[in-house]
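Here's a quick tour of a protein model for anyone just getting started. Have a look at it first, then follow the bullets topic by topic.

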Amino acid sequence: MGAADLQYLLWLVGIATCVKVLLVPAYHSTDFEVHRHWLAITHSLPLKEWYSDESSQWTLDYPPFFAFFERFLAIFASWFDPQIVDLVNGQNYAVRSVVLFQRGTVMAADLVLYWGLWEIGSGLSRMRRRILYLVVIFSPGLLIVDHIHFQYNGFLFGILFLSLAAMRDGNDLLGGIYFAALVCFKHLFAIAGPIYFVYILRHYCKGPQKIARFCIMASAVISIVALAFGPFLYHGQMPQLMKRLFPFGRGLCHAYWAPNVWALYSTGDKSATVVMRKLFGVYIDRPKAGLTGGLVGDFTPYAVFPQITPIVSAILVIGSMMPCLVQAWRKPVPNAFIRWVVYTFTCGFMFGWHVHEKASLHMVIPFSVLAVERLEDARAFLFLSVVSTYSLFPLLFESKEYPIKVTLLLLYALVIWLNFSQLFGTSTKDSGDLKAKAASNTELNVQETVKPLIGPVEGAYLGGIMVIEIYGQCFHPLFFGGSFPFVPLMLTSVYCALGMTYYWLDQLHMVLSS
Amino acid sequence: MRHRHRQIKEEGALPACLTLCGAFLPCLLASLLILLLHEVACASYHRPPSPLFLPRYCSPRLEARIWRMAEEDETTVRHAYKESPSWSWPATTSMQRKFSFGAICGFALLLRMMLSLQPYSGAGVAPKYGDYEAQRHWMEITVHTPVKEWYVNTTNNDLRYWGLDYPPLTAYQSWIHGRIIHALEPAAVALNTSRGHEDARSKFLMRWTVLSSDILVFFPAALAFVSLYYKLAIFEEQAWALSMILLQPALILIDHGHFQFNCISLGLAAGAAAAVVSRHELVACVLYSLSLNHKQMSAYYAPAFFAHLLGRCIQRRSPVFGVVKLGIMVLTTFTICWWPFLSSRHSALQVLNRLAPFERGLYEDYVANFWCGTSMLIKWKQLFSVPVLARLALGATITAALPSMVQQIRAPSARGFLLAMLNSSFAFYFFSFQVHEKSVLLPLLPATLLALEEPGLLQWLVPYAVVSMLPLLRRDDLVLPYFALLALFFLLLKCPRHFEYKIAEDKLIKIFRAPILRNCSLAGAAILHLLYFYVQPPPRYSFLFEAFITSYCFAHFLVLFIYANCKQWYVPGDGQWVSSSKKIN
């Protein structure tokens, strides 16, 4: 860790920022207006009304730290252009200077991501550290979700990295505090709560002063949470706040199915309906509100398969986490902690209730830390990052961003393939190389035992993505014209769900065997 | 205008004298400076005897390193190759290298795509719009009217509204693109009714016509050039050279932001340069003629091509035969390109007439050339009439291009040829008639082609070329990408390396690299930017800061022009180089 590394990190940051600046006029989703409205809410209303305001449909539904963060940004926004923070006149205010300002805040918030990267990179060797910087900073998922679609995920991952770095270095107290703060920024991260709890209980709260240590940790975490929720508790806003944070009533699946187990389950249900009708003549009353109706908040009743309730989903999430929880209980070693966290995020994504496809970032970004350390993880990462980025494609549906997202994905896959194959020496067989290697027999043997970065199964699967994409872009409109617009989307999500399931099983195997 | 011309004639001998002085003073001054710098350059240039085979086209940095290492032993020399990358690039096998080139091209493409999200020139500015509308209008005309009427004023083709004023290849290219757009979105190129047609879909399609031309012409030309000219350089240096050619910000900003098709004519010119340096002279003739037939601005390179090819022919046993062969190639290409317009003398002249817009004046807007750069001191446009200015411009251009031409006729060499391209295009940019600020792209191309051999030149030329277009880009609302791409260029230059190494450079470059000089120059540019963006100019001189910027850039360009001329004179010819290295072996 020297000046050269810092220089390298800053260099990458500079290039990434240039790319982000060029993306300013790109499409932005309704999340842009959501965040603008939150600036207005936190700026013009007193604290006690933040979570009860309903002047727009975009009500505040992130935890308090995020609201404080918006309050902080609103100070600059009101200097920049007072109309941004106007609760009524500012609605749907998206002139170019406002877009530039808001995009600028996302870029500035990414500084926390770079800090987190710096901390987590300090435990790695120089080559790996540099590749890690590259892999995270240019992650197409982050670029698409944060800098095109518009969200503030980068700095949250920065906090996650800070927490993971502290945990890995054995500083459990700091790691726990960072994690508590992270959950108070965005409660979706709470899915890693169980593993943090078990690990800290077994690793930190041990030895002769285990009770004292437990009390220290508990008071630290509780004071963070109190800092966040205390003011609202004081104003008696807690029930309202909770209602906003956990809006049950939303369906199992999002309008566009996230590529998880439920996408496969829903497809199974659909096909079972068709099979029943065609083969046995049993007509099953099709429930209203089709699965892909495109409305947020669809409840998705199944026709053939048993209904899934939030409890079932929760049990499955906890159940699938059990292997790593048990391991953390039995042998809490810091080295394995990052893997466990990534695995719990994977479980949350695969079985969670109303999961959004953007949540796949939660497993991809922290997984990159593992990917630069072991060949097996590097292979899984290459696979996962392609699948997860591809599953984000439907977020950008306008034609002007189409070439950009495709190029981003291909370029990223190419660059990390180059870097990983250099790092792990898995150069694909090359005639010139083989001749050179033939001179020494031992090296040739090594060459043969090293697995290539993309195996045959993965290669075939990734090729299938191309087929799906070409079908969705060219053949589907050709065959069906404008009808059945949901079919390509459904194909994408189901196909990606297969890949995600494959990845999850791979990770399960990895956790069990370690 | 004619009236004023007569007036000057009547006034007597004084203006005539002024004309003469005006023509010769800058040239005299320039040649004096050139002589001076030449002395400096020659004094600092001394080559140690060669102990081993040296790649003919290796970069000066690598060269210097090898010379130093060669004093020890051969193994370290081989090591030196591995140790002096321009970037540290993760590629060891040939497949990885191929993919690395792919990655560079992919990044260049990504930048172009992101830039195509930005607004274009004249977006929403009725009634004349801008270059985007001009290109769209040409597509409309070429798709819907017969070839004979393309350059003629007819009821369907009003030449006053963005009449076609580029050579036939541009017209054919517009026809092809127009056909494609006509098939996908007929309303965007409908005859007469589509004027000022702007919507998201047609913008996307129009942007893709430029992107695809870039991929089909400029990218292959750049790859061909790097693989031919830098054949013997190490991989990292090749990658560096390629990315300097492809990521040069000015071309990206003009083609994919402002909206033009320079990538085609410049790509053809780069292809011609690749053919010249690899001694495929007939191919070079064809490609250069095509480039000239796409945009007449490619004539800026004509002196270099002419002088170099002539010099090569003279070296042969039968020079006349060589010249005739090349001439036939050029004439054939021209005939094919102009075929539809050669039916009568009149129609050919009609096209030619469209290509030479003398009525548009000495220069347009704010261009960092001699006439505009010195207009604060001498009011050229008010002092002289247009015909006088045209003659003045012609004389000055030829004089300025002459030294590099003479050098190439005497001792043609690959590197000298590229420098001659730079010098002659600079000469045209500075002194010729009707220069546009976008014409700075022409000297930029050879400068980027020389990226490995003249890195100092590149570092100075590219930023100021981009800055010189700032007023234009500000009008197009492209200020944000302007800063982003400029910053990106500086970052790419400053790539942190795994290890630092020092290189022995000749004194001339050292002067340019002197930190105080660089800092002063950068500070000046920064102050100009601040003034331009944040200070209201006095109402009497509402374009004061634009004039400052152009004069400032012109001053830099002038120094670089003189430097490049000096450099060209002490590049040894190919023949001399080979013989000297043979002697030692």
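This is a predicted model, and a count of its enclosed spaces gives four cavities of 30 Å³ or more. The second largest of them holds about 40 Å³ of space. Let's begin there and then move on to the cysteines, two individual residues and the two chains.

**Empty space inside**

- How do you find a gap in a protein in the first place? Rolling a probe the size of a water molecule over the atoms shows where empty space is left.
- Which residues line the second largest cavity? They are K20(A), D110(A), L113(A), V136(A), I137(A), L142(A), L143(A), D146(A), H147(A) and G154(A).
- Three helices of chain A, namely α4 (96-121), α5 (126-137) and α6 (140-150), each give at least two residues to this lining.
- The largest share belongs to α6(A), which brings four residues to the wall of the second largest cavity.
- Sort that lining by class and you get five nonpolar, two polar and three charged residues.

**Cysteines**

- Quick reminder: a disulfide is a covalent bond between the sulfur atoms of two cysteines.
- How many disulfides turn up over all chains? The count is zero.
- Take C215(A), which is in no disulfide: its nearest cysteine sulfur belongs to C205(A) and sits 8.8 Å away. A disulfide needs the two sulfur atoms within 2.5 Å, so a pair 8.8 Å apart doesn't make the cut.
- Is C215(A) buried or exposed? Neither label fits: C215(A) has a relative accessible area of 43%, so it counts as partly exposed.
- C496(A) counts as buried, because its relative accessibility is 0% and the cut-off for buried is under 20%.

**A residue to look up in chain A: V135(A)**

- You'll find V135(A) in helix α5 of chain A, one of the helices that supply residues to the lining of the second largest cavity.
- Why does V135(A) count as buried? Its relative accessibility is 2%, and buried means under 20%, so V135(A) qualifies.
- Who does V135(A) touch, leaving out residues up to four places away in sequence? Its contacts are S368(A), F381(A), Y412(A), I416(A) and F420(A).
- V135(A) and N419(A) are 284 residues apart in sequence, yet their C-alpha atoms are 9.3 Å apart in space.

**A residue to look up in chain B: Q350(B)**

- Over in chain B, Q350(B) lies in helix α15, which covers residues 345-355.
- Leaving out residues up to four places away in sequence, Q350(B) touches Y151(B), V152(B) and L159(B).
- Check out Q350(B) and Y151(B): they are 199 residues apart along the chain, but 6.9 Å separates their C-alpha atoms.

**The two chains**

- What do the helix and strand counts look like? Chain A has 21 helices and zero strands, while chain B has 27 helices and zero strands.
- Of the 514 residues of chain A, 56% count as buried; for the 585 residues of chain B, the figure is 58%.
- Now consider contacts between residues at least 6 apart in sequence: in chain A, 77% of these join residues at least 24 apart, and in chain B, 78% do.
- Chain A has an accessible surface of about 21400 Å², with 68% of it belonging to carbon and sulfur atoms.
- For chain B, the accessible surface comes to about 24800 Å², and carbon and sulfur atoms account for 67% of it.

Key:
Residues are numbered from 1 along each chain as its sequence is written. Chains are lettered from A and ligands numbered from 1 in the order in which they are written. This is a predicted model: local features need pLDDT of at least 70, side-chain atom pairs count only at pLDDT 80 or more; totals for chains, interfaces and linings use all residues. Side-chain values use heavy atoms; hydrogens and water are left out. Contact means heavy atoms within 4.5 Å. On a 1 Å grid over the protein atoms alone, a cavity is a set of points where a 1.4 Å probe fits but cannot get out, and a pocket is an open set with protein on both sides within 12 Å along at least five of seven lines; lining residues have an atom within 4 Å of a point. Grid points are joined across faces, edges and corners, and a volume is the space filled by probe spheres set on the points. Ala, Val, Leu, Ile, Met, Phe, Trp, Tyr, Cys and Pro count as nonpolar, Asp, Glu, Lys and Arg as charged, and the others, Gly among them, as polar. Buried means under 20% relative accessible area, exposed over 50%, partly exposed in between (1.4 Å probe, protein chains only). Accessible areas come from the Shrake-Rupley method with a 1.4 Å probe; for residues, only the protein chains shown count as cover.
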